[in-house]
Structure formats: structure tokens, C-alpha cells
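Visitor: I would like a close look at a single part of this model. Please pick one strand and walk me through what lies around it, at a pace that suits someone from the bench.

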Amino acid sequence: MRNIIIDCDPGIDDALALILALSDLDFNILGIVAVAGNLPIQTTTRNILRILTLMDRLDVPVIAGYGNPLKREPVSASEVHGDDGLGNVDLTANPSIKVEDIEVEAFYHSMLCQHKDVEIITLGPLTNIAKTMMCYPTIFEAAKSLVAMGGAFDVPGNCSPVAEYNIWADPHAAKMVFKGFSEPITCVGLDVTRKTLLTPNYMEFIKTSGSPIATFINKALQFYLEFHWQNNRVMGCEMHDPLAVAIALYENIGKVYQADVDVICEGDAIGQTIAHKNGQGNVSIVYQVDRKKFLELLIGNIFPQLKEDLACMIDNPIYGVF
Ligand code: BDR
Ligand code: CA
């Protein structure tokens with residue numbers, strides 16, 4: 001079984017990413033770590049508990065990480081995700097799940113000492129990883145890889161003309177991780193996540209499953225869709241974090257090039273990610289994705305009972321792909 005740690009800031013798309021990872025019982029999820037990003041740390045931590053309750057996965061440890069970026073002032077994206085971070089849906093956390101009584105650095109240290117080949121996936125700012133590197137400079141040598149949702153390389157940003165949110169929210173942490181993380185990093189940025197829209201057609205299709213997970217996904221995505229329509233005139237939900245999880249856990253969805261990545265930490269361009277494409281570098285930047293394969297994976301893994309209909313819908317020779 002593959003050992004996985006997910007560090008995230010739920011967030012509607014984080015929630016869908018967690019649901020995707022939790023749907024596959026072949027992964028040993030060592031813990032889900034909260035970081036402040038989309039919302040403050042209390043909210044992102046609580047949202048992990050709410051999602052685990054929905055998925056009936058009370059066995060997965062939850063760790064509360066950092067509530068403040070390394071240097072800059074905290075930011076929030078409640079207009080994208082709702083005041084509760086999940087589109088203001090009616091979802092409670094089972095009071096029997098508790099947050100682990102451990103500091104985030106100690107959690108990473110203990111997992112990396114106990115388990116081989118740990119794969120880390122980050123779906124929010126890189127604060128927890130940077131803080132752990134500061135505390136235990138060589139500990140990540142024991143990890144297998146890091147897949148990070150973050151960055152905008154050859155496309156505009158989503159919170160400034162040049163910056164992507166996760167990097168912008170803690171640029172100093174991102175800079176430190178891209179420079180100093182000892183193991184291979186894969187960066188899943190806006191270059192590809194904006195190309196993997198989940199359109200209302202698919203949202204309607206998910207509803208046909210009729211399960212509580214489908215109900216939750218639809219209600220939360222409705223909020224997210226409204227944001228994308230009102231602000232960008234896009235009729236679809238950008239699947240940033242689910243794409244990062246899909247690329248980390250499954251093969252052959254994206255193509256990459258190697259680069260060194262630098263992050264601008266001050267001024268108007270704060271949060272900009274710059275790829276030095278020298279054919280080498282420690283970061284694999286995903287520049288192309290197979291949207292159809294991704295949607296098949298996302299919907300098919302969460303709702304296996306819909307796989308057959310999904311294949312018909314995606315390949316329908318008359319109507320084509322939506
Ligand atoms: C990233 O920012 C957050 O709002 C999303 O959850 C995602 O991780 C996209 O820029
Ligand atoms: Ca996120």
C-alpha cells in the first residue's frame with residue numbers, strides 16, 4: 001500500500017480532492033494536515049473533520065498545522081469557497097473524531113521515521129512543509145515525493161495578474177520548498193488546472209447517483225460555480241486540487257518538463273512563480289493534461305456505479321464531450 005499525507009486548506013476543491021483520495025482504499029492515508037489558506041486554520045481543520053465524517057473515515061488522523069504564513073499577513077478566499085469554506089452546506093462533523101494532539105513538525109517527523117516512501121500532496125500554501133524543513137532540515141530525505149497544487153507559469157494568475165493563490169498566500173514558504181526540498185517535486189499549476197473544468201453537465205450527471213456524497217458535492221459546487229460565473233464568466237468549476245491528487249495518485253494524466261522554480265516574495269509581483277527551463281531542475285511542471293481521462297478518474301472513482309453511464313456520456317458520438 002502506498003503511504004500518503006495530504007496537506008490542505010479545504011476549500012471546496014480541496015474537499016473534492018480529499019473525497020477522491022479517500023474513495024480509493026488502496027491508499028494508506030497516514031494523515032490529513034490542515035493549513036490556513038482559503039480560510040483560517042480553525043475552519044480548514046473543521047472542514048477536514050466534516051469531510052471525513054461524510055466519507056465515514058473516522059480512522060484517518062487529522063493534524064492542525066499553521067494558522068499564519070511565514071512572513072506575510074494572512075489572506076482568505078471566503079468569496080470563492082463560502083464563509084464556512086465548503087459553500088455554506090449543511091454538513092456536521094462527528095464529535096467523536098478529534099484532532100491529533102501533535103505539532104505539525106513532529107507529525108511529519110514521526111511519519112517519515114516510521115514509514116518508507118511517503119508521498120506528500122499539498123493542496124494549500126506550503127507553510128507546514130517549510131516550517132518542518134526549518135525544524136528538521138533533512139527529514140524530507142526520507143520522503144518519496146511532493147506533488148504541490150500551485151503556481152502559474154505560462155498563464156495569468158488567479159489572485160493577481162501573475163500569482164496563483166497557494167503560492168501568493170505564503171510566497172516565502174513556497175520559495176524555501178522549491179529551493180530546498182530534497183526529493184522530486186511535481187507542480188500542478190493553473191496552466192493545467194484551468195483546463196480541467198467540471199461543467200454543469202457533469203454536475204447534473206453526478207446527481208443521478210443520489211448518494212449523500214453526490215448531494216454534498218453538488219451543493220458545494222453550486223456555490224463554486226456561481227463564483228466562477230460571476231467573476232470570470234466561466235460556466236464550470238476549476239478542479240485545481242482534484243487534478244493534483246489525480247496526478248499524484250494515478251499515472252498518465254499529464255506531461256511535464258523539468259525546471260528550477262523561483263518565487264517572487266515582494267512587490268506587485270508577489271507570489272509569481274518563475275520556471276528556469278534549463279532541461280534540468282528539481283521540479284516537474286505539468287504543462288498538459290488529458291481532461292477526459294481526469295474526469296473519468298474523478299467521477300468514476302468516487303461513484304463506481306456511474307462508470308458505465310459516464311463512459312457512454314463522455315464518448316457519445318452525437319453530442320461529444322461537454
Ligand atoms: C488554489 O487556491 C485555492 O483557492 C484552491 O483550493 C486551490 O488550492 C487554486 O489557486
Ligand atoms: Ca486548496
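Guide: What follows starts at strand β6 and works outwards through its sheet to a helix and a ligand.

This is a predicted model, in which local features need pLDDT of at least 70 and side-chain atom pairs count only at pLDDT 80 or more, while totals for chains, interfaces and linings use all residues. Residues are numbered from 1 along each chain as its sequence is written, chains are lettered from A and ligands numbered from 1 in the order in which they are written, and side-chain values use heavy atoms, leaving out hydrogens and water.

Let's begin with β6, residues 185-188. Strands here are DSSP runs of E with at least two residues, and helices are runs of H or I with at least four, numbered from the N terminus. Ile185 and Cys187 face one side of β6, Thr186 and Val188 face the other, and all of them are buried. Buried means under 20% relative accessible area, exposed over 50% and partly exposed in between, with a 1.4 Å probe and protein chains only.

Now look to either side of β6. Strand β5 (residues 143-149) runs parallel to β6, joined by four bridges, and Val147 has Thr186 as its bridge partner. Strand β11 (residues 283-289) is also parallel to β6, with three bridges between them. Here Ile185 is partnered by Val283, and Thr186 by Ser284. Strands count as paired when DSSP finds at least two bridges between them.

β11 is largely enclosed by the rest of the structure, because five of its seven residues are buried. Strand β9 (residues 254-263) also pairs with β11, this time antiparallel and through six bridges; there Ala259 stands opposite Val283.

Stepping back, these strands belong to an open, mixed sheet of nine, in the order β3-β2-β1-β4-β5-β6-β11-β9-β10. β3 (62-64) and β10 (273-276) stand at the edges with a single partner strand each, so one side of each has no neighbour in the sheet. On average, neighbouring strands are turned by 30° against each other, direction ignored. Further along the sheet, β1 (residues 2-8) and β2 (residues 27-34) run parallel with seven bridges, and Asn3 is partnered by Asn28.

Helix α11 (residues 240-249) lies across β1, β2, β4 (118-122), β5, β6 and β11, at about 155° to β5. Contact means heavy atoms within 4.5 Å; axes are lines fitted to C-alpha atoms, for helices over the stretch in contact, and angles run from 0 to 180 degrees between N-to-C directions.

α11 also leads us to ligand 1, whose surroundings include His240, Asp241, Met149, Leu123 and Asn158. A residue is listed there if one of its heavy atoms lies within 4 Å. Three polar contacts, meaning N or O pairs within 3.5 Å, go to oxygen atoms of the ligand: a backbone N or O atom of Leu123 at 3.0 Å, a polar side-chain atom of Asn158 at 2.8 Å, and a side-chain N or O atom of Asp241 at 2.7 Å. The protein covers 96% of the 280 Å² of accessible area that ligand 1 has on its own, by the Shrake-Rupley method with a 1.4 Å probe. Elements giving two or more residues to this shell are α1 (12-23), α6 (165-169) and α11.

Methods
Polar contact = N/O pair within 3.5 Å; in protein donor to acceptor, adjacent residues only side chain to side chain.
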